[in-house]
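Here are some short exercises to try with the model open. Have a go at each task before you read its solution.

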Amino acid sequence: MKYTRPRGTHDVTPAEIDRWRAVESAFESTFDRFGYRGIRTPVFEATDLFVRSVGEQTDIVSKEMYTFTDRGGRSLTLRPENTASVIRAYLENGMHRWGGLQRLWYVGPMFRYDRPQAGRYRQFHQVGAEVLGSSSAAVDVEVIQIVVESLAALGFEGLDVRLNSVGSEASRAEYRTVLLDAIRQRAEEISPEALDRYTRNPLRIFDSKEYGDRFKQSLPVISDYLVESDAAHYARVRDMLGAIGIAFTEDRHLVRGLDYYTGPVFEVYFGATGAQSALCGGGRYDDLVRDCGGPDTPAVGFSAGLERIVEAMPGQPADDVRGVHYYVACIGAGAEARALNAARVLRDVAPAEVDLSGRSRKTQLEAAAKKKAHVIVVVDDATPGTVEWHDLRARTERRVQEDHLDAFARDASEGDSR
Ligand code: HAM
């Protein structure tokens, strides 16, 4: 074979597409039920948008971005995530002046130059939401509820919702000093470059892959340093999750791989809890809109990885043949226009597929059975004006006037549903 797909990408073949559609529509219908509205942004943005929002010292920005210079000399980056783009679009389209809360949801491809492995791709897809304009802890709870309800609709049981608070700037100021002292005390275990990096952004040590859990667990945790307002907000989130029956565990080492969070953060796991198994992550980021040049606007959101959800989804892989209702067999090239017309009429009642392969009658009938068709309609060059109607479920056969095909199909389908 001459070409292969780029490393870390994948094709979704028809064998998997039903699972993909199930996952997308589970989230989509939850968003509809909660009154969220869709937003779509470009797959590339000015590089600076991600550097500023996700954070210069994060792995995402420092190691994983697909950055290029276009022919006009601009530095552009394939989006590694969508929160920054949504904020940019919110401001650029004046949505901050629309008043009230904006509840926005999206789905689409993201790009990170990460080491490919199970559940980790270089092009992957996220479905997610950003809610702008409320500092209420109830909104933090609502986005978690959306994740849990969407995953439950897909058959996930026993989800592990992990929760922490990384605190606002007020909490982090003191904590940063304490944490940095603790890191410096163990400087001999850390390379000089890493030490330099952690000096600038000590919280990053918790999602570094270089240090084991024991090392990380010996360090002070942010939740012990939350200022009163952060602690109270976090407590309200926990209380309300309890009140609406969403189980969670507190994980005092959860910090997330992006710098913009300023309050409660969460990740949702299922099954084996390896580093790669988070189905979803999110949290509150009250400073980002302002940092992007907008007015003070509290915000909270999440993104879920479609590949990981599709791969972890309980239940049988979907049948790779979706049953088609009508299979229109076309016998003889002269019958093609009639076959297209018959299918057009039938589609008003149910999905119809036309066999335009020019194969023998027997082969076409076999193909229809393989496709699990309910009815085969045979349009034959030799019998102008009428078609054969084979009802495969009722095991009946008859001849139908072509002019009356629509009325006949409608009657038959009403008979089916009676
Ligand atoms: P994130 O934790 O970086 O957060 O990504 C969210 C989810 O995307 C992960 O839990 C995972 O399911 C999926 N994901 C991330 N990287 C990969 C990859 N290389 N391959 C496959 N799946 C992946 C964010 O992106 C934030 N924007 C979430 C957010 C929205 N926070 C507030 N609003």
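**Exercise 1.** Find what the side chain of Arg172 reaches at 2.8 Å.

*Solution.* Start at helix H6 (residues 169-185), where Arg172 sits; helices are DSSP runs of H or I, at least four residues long, and strands are runs of E, at least two, both numbered from the N terminus. Next, follow the side chain: it gets to the backbone oxygen of Tyr261, 2.8 Å away. Now look for charge partners: Arg172 is buried (under 20% relative accessible area, 1.4 Å probe, protein chains only). It has no salt bridge (a side-chain nitrogen of Lys or Arg within 4 Å of a carboxyl oxygen of Asp or Glu), and Glu169, the nearest side chain of opposite charge, is 4.6 Å away.

A word on the ground rules: this is a predicted model, where local features need pLDDT of at least 70 and side-chain atom pairs 80 or more, while totals for chains, interfaces and linings use all residues. Residues are numbered from 1 along each chain, and side-chain values use heavy atoms, without hydrogens and water.

**Exercise 2.** Work out how the rings of Phe31 and Trp105 are arranged.

*Solution.* First check the surroundings: Phe31 is buried, at 0% relative accessibility. Then compare the rings: their centres are 5.1 Å apart and their planes at 15 degrees, so the pair is stacked (centres within 6.5 Å, planes under 30 degrees apart; Trp counts by its six-membered ring). Finally, place the partners: Phe31 is in helix H1 and Trp105 in strand S5 (residues 102-111), so the pair ties together parts 74 residues apart in sequence.

Key
Buried means under 20% relative accessible area, exposed over 50%, partly exposed in between (1.4 Å probe, protein chains only). Lys and Arg count as positive and Asp and Glu as negative; His and the chain ends are not counted. A polar contact is a pair of N or O atoms within 3.5 Å; within protein, one must be able to donate a hydrogen and the other to accept it, and residues adjacent in sequence count only if both atoms are side-chain atoms. Rings of Phe, Tyr and Trp (its six-membered ring) pair if their centres lie within 6.5 Å; planes under 30 degrees apart count as stacked, over 60 as edge-to-face and the rest as tilted.
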